[in-house]
Amino acid sequence: MKSRSELREIMMKVLYQVFLLESSSIEYDVKSLIKEQLEVENEFVNTVVYGVLEHKKEIYEMANKYLSSWPMDRLNKVDQAIICIGIYELEYTETPSAVAINEAIELSKKYSDEKVTKMINAVLDECYHSHEN
């Protein structure tokens with residue numbers, strides 16, 4: 001059984017592939033992409049991956065509100081996937097905010113550089129605080 005952190009890494013890889021295939025106008029099947037990464041079907045992974053894809057427009061709009069120097073579509077696909085998972089968990093799930101933000105930061109530390117990690121932290125923090133008011 002994989003931990004939630006390991007499942008989030010799988011979600012990031014699946015979304016990375018989806019974003020890459022979309023940008024190249026290549027057809028894909030989300031279920032197959034998930035199955036390549038995960039032998040056993042997992043409700044958490046399915047919920048978040050399909051949820052991100054369903055709400056992608058709103059998630060990108062929210063991220064773009066708080067990205068100062070680069071819009072989402074200029075970020076690399078890995079960073080887009082990490083931000084999308086973080087925002088989706090903050091906005092559409094019962095995941096505690098601190099957990100959603102921390103998990104995204106940990107993924108970013110593993111797959112991005114320090115500047116990007118700080119940017120992702122700032123974006124997710126702004127999204128979180130926008131709901132406190």
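**Group meeting talk: helices, rings and one buried glutamate**

Hi everyone, let's start with Ser25, which sits in the loop joining α1 to α2 (30-37). Before I go on, please keep in mind that this is a predicted model. Is Ser25 buried or exposed? Ser25 counts as exposed, because its relative accessible area is 70%. There is something to notice in its backbone too: phi of Ser25 is near 55°, which is a positive value in a residue other than glycine.

Now, on to the rings. How many aromatic pairs does a search of the whole structure find? The search turns up two. One of them is Phe19 with Tyr60, an edge-to-face pair with 6.3 Å from centre to centre and 85° between the planes. This pair links distant parts of the chain, since Phe19 belongs to helix α1 (residues 4-23) and Tyr60 to helix α4 (residues 56-66), 41 residues apart. Both rings belong to buried residues: Phe19 has a relative accessible area of 3%, and Tyr60 has 12%.

Then we have Tyr88 and Tyr92. Why is this pair called stacked? The ring centres are 5.1 Å apart and the planes meet at 25°, and planes under 30 degrees apart count as stacked. Tyr88 and Tyr92 are both in helix α5 (residues 77-92), and they are separated by about one helical turn because they are four residues apart. It helps to remember that an α-helix has 3.6 residues a turn, so residues three or four places apart point the same way. Tyr88 is buried at 7% relative accessible area, while Tyr92, at 34%, is partly exposed.

Let's stay in helix α5, where we also find Glu89. Its relative accessibility is 0%, so Glu89 counts as buried. What does Glu89 touch, leaving aside its neighbours within four places in sequence? Its contacts are Arg8, Phe44, Thr95 and Ala100. With Arg8 there is a polar contact between the two side chains, at 2.7 Å. Phe44 has another visitor as well: Arg4 lies over the face of its ring, 3.8 Å from the ring centre.

Next, please find helix α4 again. Ile59, Tyr60, Met62 and Ala63 are buried there. Why do we say they are on the same side of α4? They cover an arc of only 165° around the axis, so they share one side of the helix. The face turned away from that buried side carries Lys57 and Lys65, which are exposed. Covering the buried residues of α4 are elements including α1, α3 (43-54), α5 and α7.

My last stop is helix α7 (residues 114-130). With 17 residues, α7 reaches 24 Å from its first C-alpha to its last, close to the 24 Å expected at 1.5 Å a residue. Its buried residues are Val116, Thr117, Met119, Ile120, Val123, Leu124 and Cys127. They too lie on the same side of their helix, because their arc around the axis is only 165°. On the other side of α7, you can pick out Glu114, Lys115 and Lys118 as exposed. The cover over the buried residues of α7 includes α4, α5 and α6 (97-111). And at the start of α7, a side-chain oxygen of Asp113 comes to within 3.1 Å of the backbone nitrogen of Lys115.

That's my tour, so thanks for listening!

Conventions
Residues numbered from 1 in each chain as written. Predicted model: local features only at pLDDT ≥ 70, side-chain atom pairs only at ≥ 80, totals over all residues. Heavy atoms only, no water. Phe/Tyr/Trp six-rings, centres within 6.5 Å; stacked < 30°, edge-to-face > 60°. Helix = DSSP H or I, 4+ residues; strand = E, 2+ residues; numbered from the N terminus. Buried < 20%, exposed > 50% of the residue type's maximum accessible area, 1.4 Å probe, protein only. Lys NZ or Arg CZ within 6 Å of the ring centre and 35° of its normal. Expected span 1.5 Å × (residues − 1). Arc of directions from axis to C-beta. Contact = heavy atoms within 4.5 Å. Polar contact = N/O pair within 3.5 Å; in protein donor to acceptor, adjacent residues only side chain to side chain.
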